[in-house]
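Trainee: Hi, do you have a few minutes to go through this structure with me?
Mentor: Sure, let's pull it up and take it topic by topic.

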Amino acid sequence: MQHTDSPAVTVVIAAYNEEKTITACLHSVVRQEYPAKMLEILVIDDGSTDNTAKLARQLPGVTYLHQRQQGPAAARNLGARHARGELIAFLDADCEAPPGWLSTLVRTFIRLQNSSPIAGLGGAQYGHPDDPPYARQVDTFLRAVGFIGDYVKPFQQERRVSHNASCNVLYAKQSFLQAGGFREGLFPAEDVDLDRRLHKQKLAIWFTPKAMVNHHRANTPEKFRKMIASYARSQADVVFLHGLFRKIHAMPFLSAVLSLLLIVLGCLHPLVFAVLAAAGLAITTIFSRKTGLSLKTSFLFIAYTYVLYTYVFIARLIQNTFSPPGFLMQKLRPLA
């Protein structure tokens, strides 16, 4: 890659039925403080059935591509193949980026690459200020458990990481394509899988808190539960492909053992159960005070995540383990 201050960059935005957010997202990219002649904006419509296509086509400076619905990994890969930039930035269609987002990513990437080769650089994500109350609560919860989930990162300094979320990340196009891109059919952990493959190739992944975006969160309990379940399912697929390599991968096993222990001890003596219940209440209270969420909301978020993530993760891992050889790979399309 040429070490210029403003190399050619392509921003790829995968979209499926994003009529409520796509216009604001694209406006935020068009308004980036980055030389217009060095910036390409691609919207990859993953088979939308709403007004996403109409809205994306209306904005000058945006190139629109359409594919039949195949998932965000396939849409991003299509964008990467068409990208003219030597750097590719991925932004979700329900995100909005401040004017300095792209220039911060690019400048930091170039500076880090001048010291040692890197493949990717991710940025921070915050909930959207216009989100309804429940979505803001989800953002608060995700930030509070970021040290475990590694989706919303709590770091305040630049650092090398094992993974960045695909909603706000920049890759060297050459490294991205040589690694095979995102694994199509794997969602929403296709970014974890890609970064793991890059890590195995001894390529560094970095994070900077200075390149931030606002990301709309799940705005109903149903959407939150769906998010947790899909995340658990895909993380189990990643473990089946690569083994255990993240804290979040160990959590379901620890949770299952702890649950069994609680049941056994609780059955031995009612007093033991009462002590354990009191300990759980104390932990929830501390979490509530730390986050500012109500005690009831804190309990529901913790319970949803604890029970649902553990159950779905282990069930999926068992399914993958005892299914016929190649069961999972038959559902995932070959790497490019």
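Trainee: Is Arg 246 buried or exposed?
Mentor: Arg 246 is buried, since its relative accessible area is 8% and anything under 20% counts as buried. Keep in mind as we go that this is a predicted model.

Trainee: Okay, and which residue does Arg 246 form a salt bridge with?
Mentor: Its partner is Asp 150, and the closest N and O atoms of that salt bridge are 3.6 Å apart. The pair links distant parts of the chain, with the two positions 96 residues apart. Arg 246 sits in the loop between H9 and H10, while Asp 150 is in the loop between helix H6 (146-149) and strand S7 (159-161).

Trainee: What else does Asp 150 form a salt bridge with?
Mentor: Lys 153, with the closest N and O atoms 2.6 Å apart.

Trainee: And how accessible are Asp 150 and Lys 153?
Mentor: Asp 150 has a relative accessible area of 13%, so it counts as buried. Lys 153 is buried as well, at 7%.

Trainee: How many salt bridges are there in the whole structure?
Mentor: A search of the whole structure finds eleven. Another one joins Arg 197 to Asp 193, with 2.8 Å between the closest N and O atoms.

Trainee: Where do Arg 197 and Asp 193 lie relative to each other?
Mentor: They are both in helix H8 (residues 190-200), and because they are four residues apart there, about one helical turn separates them. Both of these residues are buried.

Trainee: Which residues are linked in a network of salt bridges?
Mentor: Have a look at Arg 76, Asp 92 and Glu 190, which are linked in such a network.

Trainee: Switching to the backbone, what is the peptide bond from Phe 187 to Pro 188 like?
Mentor: That bond is cis, with omega near 5°. Pro 188 belongs to the loop between helix H7 (173-178) and H8.

Trainee: Why point that out?
Mentor: Because most peptide bonds are trans, and most residues other than glycine have a negative phi.

Trainee: On phi, then, what is the value for Asn 17?
Mentor: Phi of Asn 17 is near 50°, a positive value in a residue other than glycine. Asn 17 is in the loop between strand S1 (9-15) and helix H1 (22-30), and at 28% relative accessibility it counts as partly exposed.
Mentor: Lys 202 is not a glycine either, and its phi is positive at about 65°. You'll find Lys 202 in the loop between H8 and strand S9 (204-215).

Trainee: Is Lys 202 buried or exposed?
Mentor: Exposed, with 71% relative accessibility.

Trainee: Let's do helix packing. How do H5 and H9 cross?
Mentor: The axes of helix H5 (residues 133-144) and helix H9 (residues 221-242) come within 10 Å and cross at roughly 30°. That makes H5 roughly parallel to H9, because angles under 35 degrees count that way. The crossing of the two helices, H5 and H9, is right-handed.

Trainee: And what's on helix H10?
Mentor: Helix H10 (residues 247-268) includes Leu 258, and Met 251 is placed in helix H10 too. Leu 258, Leu 261 and Leu 262 make a nonpolar surface patch of about 240 Å².

Trainee: How accessible is Leu 258 itself?
Mentor: Its relative accessible area is 40%, so Leu 258 is partly exposed.

Trainee: What about Met 251?
Mentor: Met 251 counts as partly exposed, at 29% relative accessibility. Check its position against Ile 148: these two are 103 residues apart in sequence, yet their C-alpha atoms are 8.5 Å apart in space.

Trainee: Last one: how far is Gln 69 from Gln 113?
Mentor: Their C-alpha atoms are separated by 36 Å, and the two residues are 44 residues apart along the chain. Gln 69 is in the loop between strand S3 (62-67) and helix H3 (72-82).

Trainee: And what is the relative accessible area of Gln 69?
Mentor: It is 48%, so Gln 69 is partly exposed.

Note on methods:
Residues numbered from 1 in each chain as written. Predicted model: local features only at pLDDT ≥ 70, side-chain atom pairs only at ≥ 80, totals over all residues. Heavy atoms only, no water. Patch = residues over 30% accessible without salt bridge, like charges linked within 9 Å, V, L, I, M, F, W, Y side chains within 5 Å. Areas by Shrake-Rupley, 256 points an atom, 1.4 Å probe, with all protein chains shown as cover. Salt bridge = Lys/Arg side-chain N within 4 Å of Asp/Glu carboxyl O. Buried < 20%, exposed > 50% of the residue type's maximum accessible area, 1.4 Å probe, protein only. Axes fitted to C-alpha atoms, helices over the stretch in contact; angles between N-to-C directions. Parallel < 35°, antiparallel > 145°, perpendicular 65-115°, else oblique. Left-handed = near helix turned anticlockwise from the far one by under 90°.
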